[in-house]
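Thanks for asking me to look this one over. My notes follow as numbered points, so please open the model alongside them.

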Amino acid sequence: MRPTPGPRVLAAVVLASTLLAGCARPATTAAPGAGSSGEGSYSARSAKGPTHTAQPYRRWGLTAPLPAPPSPPVRRPRLPAPDPLPVVRRVPTRDKVVFLTYDDGAEKDARFVDMVRELRLPVSMFLTDSVVGPGYGHFARLRSVGASIQNHTLDHAALRGLPYAGQRAEICGQQNKLRARFGIRPRLFRPPYGTYDTTTLRAAKDCGITALTLWRAAMEADGELTYAHAPTHLRPGDIVSVPSGEPTGLSLRDRTTRLLREIQSRGLTVGRLEDYI
């Protein structure tokens, strides 16, 4: 018969069992409501907290998230008859979407890249080489988070009235620049100041452009929207131009926030222009 352990031995055994059980527990406890989807662990990894991560729209001055756009149309809407190219101010669609386009490339705010990424904005950037200058890396980052890159000439010259050779040099020259920078040849072209003639259309087509893209609404540097024609409010299919801001105007982020609020107030969301043209 083995002797019965004394009180001190029993206490040591209990203490050892308790320590071993403690080592088996995870170092942290899962947040209430965290399931197998990993949402709880994602919030825990966020350096800025779950509210910031789960509701990025609040960071950018919105009171509600943007609705997801509908699936891209199986067939692109019928555009004005090409002669020799279609000229588009507004996409003929019933989808509750508008299209955000940004001109020139003067503003290179890294926070705008964050805004496009976090809000998943399918923006289109119409770039002018002489305006972008050495800042193409900024637009490569924008492209990596979903922005598309389109053509806005080499030097932002007013094209109407120029000879064919001059217009072709402006358009094809920027096609070549963008191909060298990004490995792409844009399909869409926006003439500076919105001015063009039949020579512009012919030169653009010869440079591989498939549509000349204008706008129905434009956001000014002070954040106000102006319209090419009635009605004077946003409606489905509108293309909105956001030119580079003046030094005394609102930042690109602030103007975009104002624009998104107006879009939401009309029951609309942001679509990808290249899915429709």
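1. A word on terms before the fold: helices (H or I, at least four residues) and strands (E, at least two) are DSSP runs, numbered from the N terminus. On that basis Pro84 falls in the loop between helix 4 (56-59) and strand 1 (87-88). The chain as a whole has ten helices and ten strands.

2. Some housekeeping. Residues are numbered from 1 along each chain as its sequence is written, and this is a predicted model in which local features need pLDDT of at least 70, side-chain atom pairs count only at pLDDT 80 or more, and totals for chains, interfaces and linings use all residues. Side-chain values use heavy atoms, with hydrogens and water left out.

3. On burial and contacts, 41% of the 277 residues in the chain are buried, where buried means under 20% relative accessible area, exposed over 50% and partly exposed in between (1.4 Å probe, protein chains only). Contact means heavy atoms within 4.5 Å. Of the contacts in the chain with a separation of 6 or more, 71% are between residues 24 or more positions apart.

4. Do look at Asp275, in the segment after strand 10 (269-270). Its C-alpha is 5.8 Å from that of Pro72, although 203 residues separate Asp275 and Pro72 in sequence. Neighbours within four places in sequence aside, Asp275 is in contact with Pro72, Pro73 and Arg76. Asp275 is partly exposed, with a relative accessible area of 23%.

5. Now the backbone. Most residues other than glycine have a negative phi, and most peptide bonds are trans. The bond from Asp83 to Pro84, however, is cis, with omega near 0°. Ala230 and Pro231 are also joined by a cis peptide bond, with omega about 0°; Pro231 belongs to the loop between strand 8 (225-227) and strand 9 (239-242).

6. Which phi values deserve a check? Asp104 has a positive phi near 80°, and His156 has a positive phi near 60°. Asp104 is in strand 2 (residues 97-104) and is buried at 13% relative accessible area. His156 is in the loop between strand 4 (148-151) and helix 8 (164-182), and is buried at 17%.

7. Both of those residues reappear in the second largest pocket, whose lining consists of Asp103, Asp104, His152, His156, Tyr193, Trp215, Ala218, Glu220, Ser241 and Pro243. A pocket, on a 1 Å grid over the protein atoms alone, is an open set of points with protein on both sides within 12 Å along at least five of seven lines, whereas a cavity is a set where a 1.4 Å probe fits but cannot get out; lining residues have an atom within 4 Å of a point. The volume of this pocket is about 180 Å³, a volume being the space filled by probe spheres set on the points, which are joined across faces, edges and corners.

8. How many cavities of 30 Å³ or more does a search of the whole structure find? There is one. The largest cavity holds about 70 Å³ of space, and its lining includes Tyr102, Asp103, Met125, Phe139 and Pro243.

9. One last side-chain detail: the charged end of Arg190 sits over the ring of Phe126, 4.5 Å from the ring centre. The criterion is NZ of Lys or CZ of Arg within 6 Å of the ring centre and within 35 degrees of the ring normal.
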